[in-house]
Every structure is written in C-alpha cells, then in structure tokens.
Amino acid sequence: MTRPPTPAGTRAVPPGTRYAHALLAAGAVLGTLAAAPPAAPAWTAAPAAGRPYAYLEGPAGSVLEDTLSVTNPGPRPLTVTLTGDGPAAVAFAARTVTVPARTRADVPFAVTVAATTPPGEHRGTVRAEAGGRHTAVDLRLKVSGPELAALTVEDARVDRTTGTLHYTLVNRGSTVLDRPRLAVRAEGLLGTRLDLPDRPLPVTLRPGERAARTEPWPDPPALDSVTVRLTATAPGATPATAATGTVFASAPALAGTAASLLAAAGGAAYRLRRRARTKGAPA
C-alpha cells in the first residue's frame, strides 16, 4: 500500500507515536481526577431523633422546649446561625454554633407561647444558615384548649363615589375558617337597592387573622339614603353581621331634583295667585 506524500517542511510522525501520545494525555487526565479529593457531604439540620418536623404541644402562656441537631460531615469546623419565626417566640441556647468536623451538635431551643395565643394548630419555621446555604425546619405548635369557631365583620363602609363596599373579616375563634360565605343587602328610601345572596369567598383565615376585602356595587343609586348590611357565615360559627349607612347624592341627580322642586314650587305659586285673583273678582 502506497502512503500519501508528506508535505514539504513537515516531519512524518509514525502512527504508533500518535497513539502513545494520546494514551499519555488520557493517563494524565485520569491521574488528575484520581488525585482530586471527593466533595464533602453537605451539612444538615433537623429535629433531634430523626423526626421530620418539630412538634410541640401545650397551653397558652407556657414555654415548650425541643432540640435541633446540626450535623457537620465535612473535614473542617462549621459555623451555623440559627433563627426561628412563627406564632410564638423562638429562643436558642446559642444563636451561633460552631460544629467541629465530622460531628453533630444538639442545640436546645425554647418556644414561648403567648397567653393570648388561641387554641389550635399553628405553624412556624426554624432556620439554619452556614456558608451561604439555608435549611428550614418545619415547626408545628398545638395550643391546647377548647376549639371555638367565631367570625366577625368589621370596618364596614361604602365609597360614595364608586359604591364599592369595604369590610374586614376577622377570625376571632380558635379554628381555621376556610371559605366563609358573605351576603350583602342594601335598603334605601325607595326599597331594596342591592341584594347579593351568600356565596363562598376565596379566603382561609387562621385564628386571629384578618382579611380586608372589597365588594363592588355595579349600579349604586344616584340619589338615596341607604343602609348596607353584610352577613358572614362559617361552619360552626354564629352568623356575623355589620351594617353601615351612607347617602348617595350625585351632582346630576341633585340638579334634576332641584329643577323638579323649583318647577313644583312655581306651579304651586301660580295656582295660589290664580285662586287669589278668582276670589277677589266681582260676582
């Protein structure tokens, strides 16, 4: 077999030499990979005893305790910052903890339940931060006590310019209220001006939560004095009612009413004058 001629100014490299160079390069890459140390496992933070979340239970006004385990499997010490938030105050034995290499540190923390905390389920979070990475641990708190469903409607008012109804729903009980219902009725001097049957609202209220909401009035009266009544209901709760009054008096309606009154007054005056002339005329 005849090989192609080698271009002038170059030197032919035997095929075996090319293969040897390729093997040497591959060996160098593999050696580098073998020399690199494996990545250390990531640190973890979790409730003690391998629980999926921290669970505490007690009455309002109590102090409940638990432990967070921070594990450092790496080859160097790890400094971790601990914080917590939720329906109760969370305090750690130490906000910043340095965990030695390949060690687990159990850090106690206390949850102070305020005396005003309503009974029922509450959620919070315990967080650990180190090296720019965050880990969140679910904190579940059950406050013991009788369960009570209670709902109120507060801060009811009417925007006289647009007719928009403003109100606030407040969960005054100890249970979660899901999709409470609302009915609206407005009565004026000339009868019913608005009648909206009750319907579920896209709201979930936990104990103590408030939700400010609005309700449109598509065609409010131009001239009338009305009383608006809002009635909210929820399973197990006594119906809650709030009433507010307002006067609608738009400029065009006032102008039209004034013109009607003037016309009526003018007609009455004309009739009185005519009657007077008739009485004074000779028989």
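How do the residues of the lining of the largest pocket divide into nonpolar, polar and charged? The close-ups below show a predicted model, and the pocket is taken up in the first legend.

**Close-up 1. Lining of the largest pocket, with a volume of about 250 Å³.** The lining comprises 13 residues, and those closest to the centre of the pocket are Trp43, Asn72, Gly74, Arg76 and Leu78. By residue type, the lining holds eight nonpolar, three polar and two charged residues.

**Close-up 2. Open sheet of four strands, β1-β3-β7-β5.** The pairing in this sheet is antiparallel. The edges are formed by β1 (44-47) and β5 (89-92); each has a single partner strand, so one side of each lacks a neighbour in the sheet. On average, neighbouring strands are turned by 30° against each other, direction ignored.

**Close-up 3. Pairing of β3 with β7.** Strand β3 covers residues 63-72 and strand β7 residues 103-112; the two run antiparallel and are joined by ten bridges. Within this pairing, Asp106 of β7 is the residue opposite Ser69.

**Close-up 4. Open sheet of three strands, β10-β11-β16.** The pairing is antiparallel here. Strands β10 (151-158) and β16 (210-215) stand at the edges with a single partner strand each, so each has one side without a neighbour in the sheet. From one strand to the next, the twist averages 20°.

**Close-up 5. Pairing of β10 with β11.** Six bridges connect β10 to β11 (residues 165-171), and the two strands run antiparallel. Thr152 has Val170 in β11 as its bridge partner.

Methods: Residues are numbered from 1 along each chain as its sequence is written. This is a predicted model: local features need pLDDT of at least 70, side-chain atom pairs count only at pLDDT 80 or more; totals for chains, interfaces and linings use all residues. Side-chain values use heavy atoms; hydrogens and water are left out. Two strands pair if DSSP finds at least two bridges between them. Axes are lines fitted to C-alpha atoms, for helices over the stretch in contact, and angles run from 0 to 180 degrees between N-to-C directions. On a 1 Å grid over the protein atoms alone, a cavity is a set of points where a 1.4 Å probe fits but cannot get out, and a pocket is an open set with protein on both sides within 12 Å along at least five of seven lines; lining residues have an atom within 4 Å of a point. Grid points are joined across faces, edges and corners, and a volume is the space filled by probe spheres set on the points. Ala, Val, Leu, Ile, Met, Phe, Trp, Tyr, Cys and Pro count as nonpolar, Asp, Glu, Lys and Arg as charged, and the others, Gly among them, as polar.
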